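Got the viewer open? Let's walk through some aromatic side chains, one selection at a time.

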Amino acid sequence: QVQLVESGGGSVQAGGSLRLSCAASRYTYSRNYMGWFRQAPGKEREGVAALYTGGSTPYYADSVKGRFTISQDNAKNTVYLQMNSLKPEDTAMYYCAASGLRPPAFGTYLFPSEYSYWGQGTQVTVSS
């Protein structure tokens, strides 16, 4: 059964940090692309960061490069998103996703449409 469970969201002041966690079932995690996405009210869902759990260079949206870090713990089937220097514009619902059997096409690793499985989301609110 595919299962993705996010945790770690919350409220923080600008400049602060949060770490999100995404625990996946072993089948979902193994040799899969996994990503973090976010959606603010009235906006489209956008990719934030992604990686291949079998080992690869992570991918980041320009808006978070240098501030966010995606990482993995293979022993726990968990992907993390460390968010530093948070800004009010980072406020959104954050979702973890897994690509499934069909990997994203080259260059589309941050496209929500390339991911088949989604968690329930965790809210991140950054106040100024």
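Start by selecting Tyr-33, Tyr-52, Tyr-59, Phe-106 and Tyr-109: ring pairs join these residues into a cluster. Keep in mind as you look around that this is a predicted model. With ring centres within 6.5 Å counted as a pair, there are seven aromatic pairs.

Now narrow your selection to Tyr-33 and Tyr-109. Their ring centres are 5.2 Å apart and the planes meet at 15°, so this pair is stacked. Follow the chain from each ring and you'll see that the pair links distant parts of it: Tyr-33 belongs to strand E4 (residues 33–39), while Tyr-109 is in the loop between strand E9 (92–98) and strand E10 (117–118), 76 residues apart.

Keep Tyr-109 and swap its partner for Tyr-59. These two rings are stacked as well, with 4.1 Å from centre to centre and 15° between the planes. Tyr-59 sits in strand E6 (residues 59–60) and Tyr-109 in the loop between E9 and E10, so the pair ties together parts 50 residues apart in sequence.

Time to switch on the surface. Which of these are buried: Tyr-33, Tyr-109 or both? Both are buried, and for Tyr-109 the relative accessible area is 11%. Tyr-59, at 25%, is partly exposed.

For the last stop, select Arg-45 together with Tyr-95 and Trp-118. What sits over the ring of Tyr-95? That's the charged end of Arg-45, 3.9 Å from the ring centre. Turn to Trp-118 and you'll find Arg-45 over the face of that residue too, 4.7 Å from the ring centre.

Conventions: Residues are numbered from 1 along each chain as its sequence is written. This is a predicted model: local features need pLDDT of at least 70, side-chain atom pairs count only at pLDDT 80 or more; totals for chains, interfaces and linings use all residues. Side-chain values use heavy atoms; hydrogens and water are left out. Rings of Phe, Tyr and Trp (its six-membered ring) pair if their centres lie within 6.5 Å; planes under 30 degrees apart count as stacked, over 60 as edge-to-face and the rest as tilted. Helices (H or I, at least four residues) and strands (E, at least two) are DSSP runs, numbered from the N terminus. Buried means under 20% relative accessible area, exposed over 50%, partly exposed in between (1.4 Å probe, protein chains only). A charge sits over a ring if NZ of Lys or CZ of Arg is within 6 Å of the ring centre and within 35 degrees of the ring normal.
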